[in-house]
Amino acid sequence: MVSHCCTSDRSDSAAGRGKEFVFMLGYCENPADDKWEAPGIINKTSAKALIERFNTMEKAMQAFAELKNYWETLLARFAVVSENEHIDRMANIWNQYQCMVTFNMSRSASYYESGTGRGMGFRDSCQDLLGFVHLIPERARERIIDIASTQFPDGSAYHQYQPLTKQGNLDVGSGFNDDPLWLIAAVAAYIKETGDYGILDVQVSFDCKKGTEVPLFEHLEKSFYYTVTHLGPHKLPLIGRADWNDCLNLNCFSSEPGESFQTTGPSEGPVAESVFIAGMFVKYGKEFEELCERTGHTELAKEAGKAVDEMYQAVLDNGWDGEWFLRAYDAQSEKVGSKECEEGKIFIEPQGFCVMAGIGKEEGIAEKALDSVNELLETKVWNNDPSAGLYKDTIWNLGKLLLIRLDIKKMQEFS
């Protein structure tokens, strides 16, 4: 640890004399064979070099200027201009800053997610990339390769990996059935921003093991077919462990008090199915189909399109409850998130992803699902706050726009 303080006198007059301080707190790591300069005396060479970089007011202010220039250059790549300065500031500065922090740290900034037993999430890191790929595409590319390298040969994934070693870990395990589809989402978003189809040809290992390298494109293919081969009785995706569908582990039951709900294994069957993951599959399956078409994988594109169409129809046939999308089918193949249920009649997750996937748009039911959300999922915050109407209407209109422009960015032309 390095702690240092330097001063600078500013003496315009005897009465107005002032003093400025530069306080530094830092950290230096010495190699094991260069840790000591004498018995019991720490080698401070690296610490002194660090202090030398900022030990005057001029050097410190220059460093601040460089930091300011870095953020201004970074954030200048994206800008929103509206009639509300507060919206502009939030969208142009703070949202982007938070996305950057999340990209860098994932959930590892918390004590819960840190340590050798957790690390950064497979799905989390794919999602975090979506919010910042347009500002740091080169780092997004590196992150994608790191994430894909931890994938298993069958398309499933470690749920977490260590950012320093870049190795997957099984302390939390795998079998989270939405994880594979997030890799397709991340790669598609990256290519839309950059046009860098070359990333699909990068040789990427499975489970970080040498000798298993295949093109990244094959990892996406494995991700896609993992869902295709894990369907339940209603031809909807099977629920895994703590899927992003709000940890709806309906095909697992713990008989041990205090056993972690997230990491309980599946029950016999399994038959529990997720409408949420079905929406994911339709949305990102279309992205995979388009990648196939644009890279000359014509037959695979046809197969992917057929699988997406079948999932779309399965949602219409078995995932629609008359006024909104079901949430799931449980381990007894009973409906969850249905008007037939005594509790939990409607859930937001499947409404959001099915609408984003365009399911029911042409049939007129997607808009009906959004209307049901508006009617049944209003909170007391909205109802009691007289100023909330504007914000509710704004959020609601943004939701409706999904029906009009589901794909804001198309894949850039392949060349």
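## Overall organisation

Residues 24 or more positions apart account for 63% of the contacts in the protein chain that have a separation of 6 or more, a contact meaning heavy atoms within 4.5 Å. The model is predicted: local features need pLDDT of at least 70, side-chain atom pairs count only at pLDDT 80 or more, and totals for chains, interfaces and linings use all residues. Residues are numbered from 1 along each chain as its sequence is written, and side-chain values use heavy atoms, with hydrogens and water left out.

The protein chain contains 13 helices and 12 strands; these are DSSP runs numbered from the N terminus, helices being H or I of at least four residues and strands being E of at least two. Of the 415 residues in the chain, 44% are buried. Buried here means under 20% relative accessible area, exposed means over 50%, and partly exposed lies in between (1.4 Å probe, protein chains only). The chain exposes about 22500 Å², and carbon and sulfur atoms supply 55% of that area. Accessible areas come from the Shrake-Rupley method with a 1.4 Å probe, and for residues only the protein chains shown count as cover.

## A nonpolar surface patch

M90, I93, W94, Y97, V101 and M105 make a nonpolar surface patch of about 530 Å². Patches are made of residues with over 30% relative accessible area and no salt bridge; like charges are joined within 9 Å, and nonpolar side chains (Val, Leu, Ile, Met, Phe, Trp, Tyr) within 5 Å. One of the patch residues, I93, lies in helix 3, which covers residues 85–105. I93 counts as partly exposed because its relative accessibility is 37%.

## Two open sheets

Strands 5, 6 and 7 form an open sheet in the order 5-6-7 with antiparallel pairing. Strand 5 (120–121) and strand 7 (168–169) stand at the edges with a single partner strand each, so one side of each has no neighbour in the sheet. Strand 6 (residues 160–161) is joined to strand 7 by two bridges, and the two strands run antiparallel; two strands are taken to pair if DSSP finds at least two bridges between them. The bridge partner of Q160 in strand 7 is N169.

A further open sheet has three strands in the order 10-11-12, and its pairing is antiparallel. Its edges are strand 10 (273–274) and strand 12 (335–336); each has a single partner strand, so one side of each is left without a neighbour in the sheet. Two bridges connect strand 10 with strand 11 (residues 328–329), and these strands run antiparallel. Within strand 11, A328 is the bridge partner of S274.

## Salt bridges

The whole structure holds 14 salt bridges, each defined as a side-chain nitrogen of Lys or Arg within 4 Å of a carboxyl oxygen of Asp or Glu. In one of these, E287 pairs with K192, with the closest N and O atoms 2.8 Å apart. E287 belongs to helix 8 (residues 275–294) and K192 to helix 6, so the pair ties together parts that are 95 residues apart in sequence. E287 is buried, with a relative accessible area of 8%, and K192 is buried at 12%.

The salt bridge between the side chains of E310 and K306 has an N to O distance of 2.5 Å. Both residues lie in helix 9 (residues 298–318), four residues apart, about one turn of the helix. E310 counts as partly exposed at 45% relative accessibility, whereas K306 is exposed at 52%. E340 forms a salt bridge with K335, the closest N and O atoms being 3.2 Å apart. E340 is exposed, with a relative accessible area of 57%, and K335 is partly exposed at 30%. In addition, salt bridges that share partners join R123, D178 and D179 into one network.

## The D196 loop and K283

D196 is placed in the loop between helix 6 (179–194) and strand 8 (203–204). Its side chain makes a polar contact of 2.7 Å with that of R141. A polar contact is a pair of N or O atoms within 3.5 Å; within protein, one must be able to donate a hydrogen and the other to accept it, and residues adjacent in sequence count only if both atoms are side-chain atoms. Not counting residues up to four places away in sequence, D196 touches R141, Y190 and I191.

K283 lies in helix 8 and counts as buried at 14% relative accessibility. The C-alpha atoms of K283 and M356 are separated by 7.1 Å, although the two residues are 73 residues apart along the chain.
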